[in-house]
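Thanks for coming. Please have the sequence and the structure open while I talk.

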Amino acid sequence: MAELTKSGLLKWLRETQPSRLQELYQQADAVRKQHVGDAVHLRGLIELSSHCVRQCMYCGLRQGNRDLPRYRMTREEILGCARQAERLGYGTVVMQAGEDDLLTPEWIAEIVQWIKRETKLAVTLSLGERHHEELRLWRSAGADRYLLRFETSDENLFRVIHPCRVSGAPDRLTLLRQLKHLGYEAGGGVMVGIPGQSFASLAEDILTFHVLDLDMIGIGPYIAHAATPLGSGALRPAIAVSEQAPNSEEMVYKMIALTRIVCPDANIPSTTALATINKLDGRKLGLKAGANVVMPNLTPVKYRRLYEIYPAKACIDESAIDCNQCLRGQIHSLGRFAGQGPGGRGTSQASVSIPPGAHSQLVQLHA
Ligand code: SAH
């Protein structure tokens, strides 16, 4: 069955016929509607710090990128963003940063406690690979969710593009299991079209989402950043041309749709990276292919450009208020509505009838 499913996924990932792809997106959209409903949850993103001690070959925040001026938000700025999230009617704030050792465990814990005490917001952290004890502390301070993409399930490729900080540290899949064990809602995800990433490994990524039983799954295109070894072409992982997955919009929609079918009740964002490669309607097309979450940016505009994980990020100069209005407009234009409250997994207003086997739907679709 697992093999059948993998080959079914692979066929879809290689599908190029537009009418067949429309069928796939429609099927994913129906699964989305049935399992998580028409609500689109808004998660306010706060990019706390662009300092990073890591050397990820794909990411513009890597320590080796000396041209990027670095910033770290103050506690007051972060709390101001959380207040704004409440005013704008968001249910969640996502606190994201590079791996910055000066974001000390105690400092983060205090901010989480303050937000949980003073607001009704769910708090999601996305602070990279941190010690089990730190993750435990933040959970006990009230953090609800943690995002840590595993980027690719291809271990060899991951090792090449994501050098270890300390040898023997737990890998991201292990950390995701630890996060679940600590009682976090756990979010993983991948980039699509990384140089060296095969179609087959993308099929494995989807199966890995399922096996890990992730609560949130972020999928976006890989976007080359010229100040990184992978983006400049200095690093070229070997792969046959016919095996290389493209970092195209279409490839991302296929991944979102297949992920929705295989993981019917997960929260899946239509990502900023997708909106970056199709500024006109990437976000909407993601929402029509199975996604049910968007992440409006709350980071003060003066810092936005400096959180340059990849270039030409969408919505870089928009104020939080404009971002909010624009996204709500897009959601309504699809006949959907903005979700109320924290919008955790399993709290949607959709019918919660027992799903028909997701895998059999997938096989039927390809019959
Ligand atoms: N330090 C945190 C947050 C990193 S930024 C962490 O490592 O988890 C969040 C995500 O941005 C990463 O997980 C990665 O999937 C994505 N990202 C980084 N560089 C990118 C690039 N060049 N193109 C597209 N997405 C990228």
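How far does the backbone oxygen of T272 lie from a polar atom of the side chain of T276? The model is a predicted one, and in it that distance is 2.8 Å.

Let me stay with T276. This residue lies in helix α11, which covers residues 272-277. The side chain of T276 has a second polar partner to look at: it reaches the backbone nitrogen of A314, at 2.9 Å. Is T276 buried or exposed? Its relative accessible area is 9%, and the cut-off for buried is under 20%, so T276 counts as buried.

Which residues touch T276, if we leave aside its neighbours within four places in sequence? They are I223, Y310, P311, A312, K313 and A314.

One residue in that list, A312, deserves a stop. A312 sits in the loop between α13, residues 301-304, and α14, residues 320-333. Its phi is near 55°, which is a positive value, and A312 is not a glycine. As background, most residues other than glycine have a negative phi. A312 has a relative accessibility of 53%, so it counts as exposed. So T276 is buried, while A312, one of its contacts, is exposed.

There is another residue with a positive phi, D213. Its phi is also near 55°, and it too is a residue other than glycine. Where is D213? Find the loop between α8 and β6. At 39% relative accessibility, D213 counts as partly exposed.

That loop brings us to strand β6, residues 216-221. How many of the six residues of β6 are buried? Six of the six are, so the strand is largely enclosed by the rest of the structure. Now look at the directions. M216, G218 and G220 point one way from β6, and I217, I219 and P221 point the other way. The general rule is that side chains in a regular strand alternate between the two faces of the sheet. Here the residues on both sides of β6 are buried.

Next, the partner strand. β5, residues 185-192, runs parallel to β6, and six bridges join the two. To find one of these pairings on your screen, start from M191: its bridge partner in β6 is G220.

Last, put the pieces together. β5, helix α8, which is residues 199-212, and β6 make a β-α-β unit. Which hand does that unit have? It is right-handed. On the way from α8 to β6 you pass through the loop that holds D213.

Notes: Residues are numbered from 1 along each chain as its sequence is written. This is a predicted model: local features need pLDDT of at least 70, side-chain atom pairs count only at pLDDT 80 or more; totals for chains, interfaces and linings use all residues. Side-chain values use heavy atoms; hydrogens and water are left out. Buried means under 20% relative accessible area, exposed over 50%, partly exposed in between (1.4 Å probe, protein chains only). Helices (H or I, at least four residues) and strands (E, at least two) are DSSP runs, numbered from the N terminus. Two strands pair if DSSP finds at least two bridges between them. A crossover is right-handed if, with the strands pointing away from the viewer, the path from the first strand over the helix to the second runs clockwise. A polar contact is a pair of N or O atoms within 3.5 Å; within protein, one must be able to donate a hydrogen and the other to accept it, and residues adjacent in sequence count only if both atoms are side-chain atoms. Contact means heavy atoms within 4.5 Å.
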